[in-house]
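Me: I am new to this structure and would like a close look at a single part of it, with the terms explained along the way.

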Amino acid sequence: MLPLLVATANAAFLGGVAFVPAGIGALAFADADGFSDTLASEQDGWLRPPLTAHAGWVTGRNAMLAHVAVVEVVSESASDAVHTFNVGGVRLGADWRGYVWPRTPGKVNLWGTGGLFGIVPNSAEADSGWTEDEQTEADRDSASRRGRIGGLGLQAGLGAEYPFADASGQPGVSLGARWVVRGFGGLDLEETSTQFSMLVVSEAALLLEFTR
């Protein structure tokens with residue numbers, strides 16, 4: 001990855017979207033009650049919706065792409081006391097892509113990819129009418145939610161593209177497909193126990209990208 005970051009003389013912008021149909025797997029996951037009850041974890045679907053975007057730079061036969069996703073749920077109510085609650089996460093990732101051949105319009109190209117990502121969690125709950133013990137218990141619950149959301153992941157796979165030429169004869173819009181195996185692990189620290197969870201899935205996506 002370091003040579004890609006240094007060799008920027010001929011770099012061009014590369015951006016696009018990936019489409020992954022939900023399919024029957026999402027229904028089976030819901031039926032098995034596999035969600036985290038936070039709406040913001042890797043497996044809940046808000047951070048990884050069917051359509052995701054990515055952008056970065058391509059130079060020679062290498063590309064570096066980044067992607068960002070955000071989920072934030074905030075609620076506030078007031079009566080005799082003011083109650084606030086929030087839960088969410090920010091998913092940050094970077095992927096390297098190595099093409100088998102130089103990108104040429106009108107010719108199918110193959111590429112390998114590898115990358116890493118992480119989710120930065122947040123969750124807090126407070127009530128002006130709570131006692132100190134009640135607030136302490138709510139803080140424990142918030143820490144547990146953050147543990148179910150946060151984590152680190154890796155992915156690797158293969159892809160193919162068919163670039164169409166732009167007005168200058170260079171790769172412009174390209175259609176492609178990608179297949180990756182993705183692993184994500186999180187650590188939930190409790191007072192009396194520590195729970196580690198890992199999710200490993202394979203995923204195929206259709207790609208629409210453009211180079212400028």
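How many bridges join strand 5 to strand 6?

Reply: Strand 5 and strand 6 (residues 151–165) run antiparallel and are joined by 11 bridges; strands here are DSSP runs of E with at least two residues, helices are runs of H or I with at least four, and both are numbered from the N terminus, while two strands pair if DSSP finds at least two bridges between them. This is a predicted model, in which local features need pLDDT of at least 70 and side-chain atom pairs count only at pLDDT 80 or more, whereas totals for chains, interfaces and linings use all residues. Residues are numbered from 1 along each chain as its sequence is written, and side-chain values use heavy atoms, with hydrogens and water left out.

Within the pairing of strand 5 and strand 6, Asn109 has Glu161 of strand 6 as its bridge partner. Strand 5 (residues 109–127) also pairs with strand 4 (residues 82–99), in the antiparallel sense and over 17 bridges, and there Gly93 has Phe117 in strand 5 as its bridge partner.

From these strands the view can move to the nonpolar cores, a nonpolar core being a set of buried Ala, Val, Leu, Ile, Met, Phe, Trp, Tyr and Cys residues joined through side-chain atoms within 4.5 Å, where buried means under 20% relative accessible area, exposed over 50% and partly exposed in between, with a 1.4 Å probe and protein chains only. The largest such core has 11 residues in all, among them Tyr99, Trp111, Ala205 and Leu207. At least two residues of this core are supplied by each of strand 1 (12–19), strand 3 (62–78) and strand 8 (194–211), and the largest share, three residues, comes from strand 1. A second, separate core has nine residues, including Ile119 and Phe184.

Arg178, which lies in strand 7 (residues 171–189), is buried, with a relative accessible area of 13%. Not counting residues up to four places away in sequence, Arg178 touches several residues, including Trp111, Leu158, Gly159 and Ala205, where contact means heavy atoms within 4.5 Å. The side chain of Arg178 is also joined to that of Glu203 by a polar contact of 3.1 Å, a term for a pair of N or O atoms within 3.5 Å in which, within protein, one must be able to donate a hydrogen and the other to accept it, and residues adjacent in sequence count only if both atoms are side-chain atoms.
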